[in-house]
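Trainee: I would be grateful for a close look at a single part of this model, the surroundings of the bound ligands, followed by whatever else in the fold merits attention.

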Amino acid sequence: MPNRPTIYVTRRIPEVGLLQVRRVCEVWLWEGELPPPKGVILQEVADCDGLLCLLTDPIDAEVIGAGKRLRVISQFAVGVDNIDLAAATARGIPVGHTPGVLTEATADLAFALLTAAARRLPEGIEKVRAGKWRTWEPLGLLGAAVWEATVGIVGLGRIGTAVARRARGFGMRVLYYDRTRKPDLEAELGLEYVEMDDLLARADFVTLHCPLTPQTHHLIGEEALRRMKPKAVLVNTARGPVVETNALVQALKEGWIAAAALDVTDPEPLPPDHPLLELPNCIVVPHIGSATVAARDRMAVMAAENLLAGLRGERLPYCANPEVYGGG
Ligand code: NAP
Ligand code: GLV
C-alpha cells in the first residue's frame, strides 16, 4: 500500500491483531472501556479508509454513509446483526467477520451454562457463600439430569454442531431445527431433524445457535415458551433479541419452564434492577461466549487479515456480504 491508510478501531482488541494493522496503517483507537458513542463513530469514520468494529457498535446506514472513504469494515465477532450489510453492499464495501475460531469456546460456554442450570450451580455456590451449608441434604438442591436427556438445538451451524458433539458425549438424544436440513451431520452425529414446535415440546434443554435476523427476532416468545416442558431449560448464547425478554420473565416466574441460562440478553447489558436478575432459576453471564485467550487472539488476527485484504482491494478471507463481489 503506497500511502498509510487510516483506520478507526472502536475498542482495544488483543495486541496480536492491532500490531498487524499498525505495521501498515495509521490507527485511531478508541481507548474507552465502554463503546464509543454513535456521534463519535460518525465523526471518526468520515476520514477513515477502514473500520475495525465490535458487535456493540451500531454500524447502520447513517454510519456507512458518513464513511465517504470507507473501503472495508472488519468486525471483531462472527455475528454481524449490528451492521447494515445491505447498506455496505450498496456502497461496495465488504464486511469481514470472524467465523470458526470462536466456535469451540462458545460451544463450551453453552454447555457449561446448560449444565450449571440443570444442576443449579449458582444456587449451590450462593448457599455455601451465605454460610447456609449445614449438612448433606437428601432433598436439597435437586436438579435435572444431563446424561441421556434430550437437547434441542436451534440452528445447526458451526456452534450448534459443536454443541451437538458435546451433547452426544453426554449420551444425549439430539434434536435440531434449522432453516436448512443437514443430512450429512444427521448421519455422522446421530441427530434427529424436527420442526420447531416438535423440538420445543420434546426437548429437556433448548439451546439457541441461530443468528439474529428478522426471521429469528423473538423466535422464542410466549407461544414457544408455553410449548416447552415445565421441566425444560432454555440456553441462549446466540443473541438476546432471539428471545422475548418479558415473556421469558413470566415463564420463569410462573413455571412454564424450569430455568434459563443466558450469555446474551435484550437489552444488553441488563440494568442491575432487571427482573431476570432477581430470579433464582435464571443464570446470566455477560456475553462471554468467545472469551478465551486463544479465541480472542485468533479473532484479532482474523479481523486484521480481513481489514488489510480489504485495504489492498483483495477479496476478504472471511466476508459476511460476499454478494458485494457480484456473483457471490
Ligand atoms: P453459523 O455457522 O452461520 O450457524 C447459524 C445456523 O443458524 C446456520 O445453520 C443457519 O442455517 C441457521 N439459521 C439461520 N437462520 C435461521 C432460522 N431463521 N431458523 C433456523 N435456523 C437458522 O453461525 P455460528 O458461527 O454457529 O454462530 C451463530 C450465532 O451465534 C452468531 O450469529 C452469533 O449471533 C452467535 N454467537 C454468539 C457468541 C457469544 O459470545 N455468545 C459467540 C459467537 C457467536 P443455514 O445453514 O441455512 O445458514
Ligand atoms: C459474539 O457474540 C460473536 O458474534 O462473535
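Mentor: Let us begin with the side chain of Arg239, an N or O atom of which is 2.7 Å from an oxygen atom of ligand 2. The model is a predicted one, and every distance here should be read accordingly. Arg239 is one of the residues around ligand 2, together with Leu55, Ala77, Val78, Gly79, Leu102 and His287. Two of these neighbours approach the ligand through the backbone. In Val78, a backbone N or O atom lies 2.8 Å from an oxygen atom of ligand 2. In Gly79, a polar backbone atom is 2.8 Å from an oxygen atom of ligand 2.

His287 leads to the other ligand. This residue is listed around ligand 2, and a polar atom of the His287 side chain also lies 3.3 Å from an oxygen atom of ligand 1. Ligand 1 is surrounded by 27 residues, of which the closest are Asp178, Arg179, Thr180, Lys182 and Asp263. From within that group, Arg179 places a side-chain N or O atom 2.7 Å from an oxygen atom of ligand 1. A nitrogen atom of ligand 1 is 3.0 Å from a polar backbone atom of Thr237.

Turning to the backbone, most peptide bonds are trans, and most residues other than glycine have a negative phi. The loop between β11 (259–262) and β12 (282–284) contains Pro267, and the peptide bond that leads into Pro267 from Asp266 is cis, with omega near 10 degrees. Pro269 is placed in the loop between β11 and β12 as well; Glu268 and Pro269 are joined by a cis peptide bond with omega about 0 degrees. Leu141, a residue other than glycine, has a positive phi, near 45 degrees. Leu141 belongs to the loop between α6 (121–129) and β6 (150–154).

A helix pair completes this account. Helix α5 (residues 103–118) and helix α7 (residues 158–169) have axes that come within 9 Å and cross at roughly 55 degrees. Because of that angle, α5 is oblique to α7. The crossing of the two helices is right-handed. From α5, the contact is made by Thr103, Glu104, Thr106, Ala107, Asp108, Ala110 and Phe111. The contributors from α7 are Arg158, Ile159, Ala162, Val163, Arg166 and Ala167. By class, the residues of this contact comprise 7 nonpolar, 2 polar and 4 charged.

Note on methods. Residues are numbered from 1 along each chain as its sequence is written. Chains are lettered from A and ligands numbered from 1 in the order in which they are written. This is a predicted model: local features need pLDDT of at least 70, side-chain atom pairs count only at pLDDT 80 or more; totals for chains, interfaces and linings use all residues. Side-chain values use heavy atoms; hydrogens and water are left out. Axes are lines fitted to C-alpha atoms, for helices over the stretch in contact, and angles run from 0 to 180 degrees between N-to-C directions. Helices (H or I, at least four residues) and strands (E, at least two) are DSSP runs, numbered from the N terminus. Angles under 35 degrees count as roughly parallel, over 145 as roughly antiparallel, 65 to 115 as roughly perpendicular and the rest as oblique. A crossing is left-handed if the near helix is turned anticlockwise from the far one by less than a right angle, and right-handed if clockwise. Contact means heavy atoms within 4.5 Å. Ala, Val, Leu, Ile, Met, Phe, Trp, Tyr, Cys and Pro count as nonpolar, Asp, Glu, Lys and Arg as charged, and the others, Gly among them, as polar. A residue is near a molecule or strand if one of its heavy atoms lies within 4 Å of it. A polar contact is a pair of N or O atoms within 3.5 Å; within protein, one must be able to donate a hydrogen and the other to accept it, and residues adjacent in sequence count only if both atoms are side-chain atoms.
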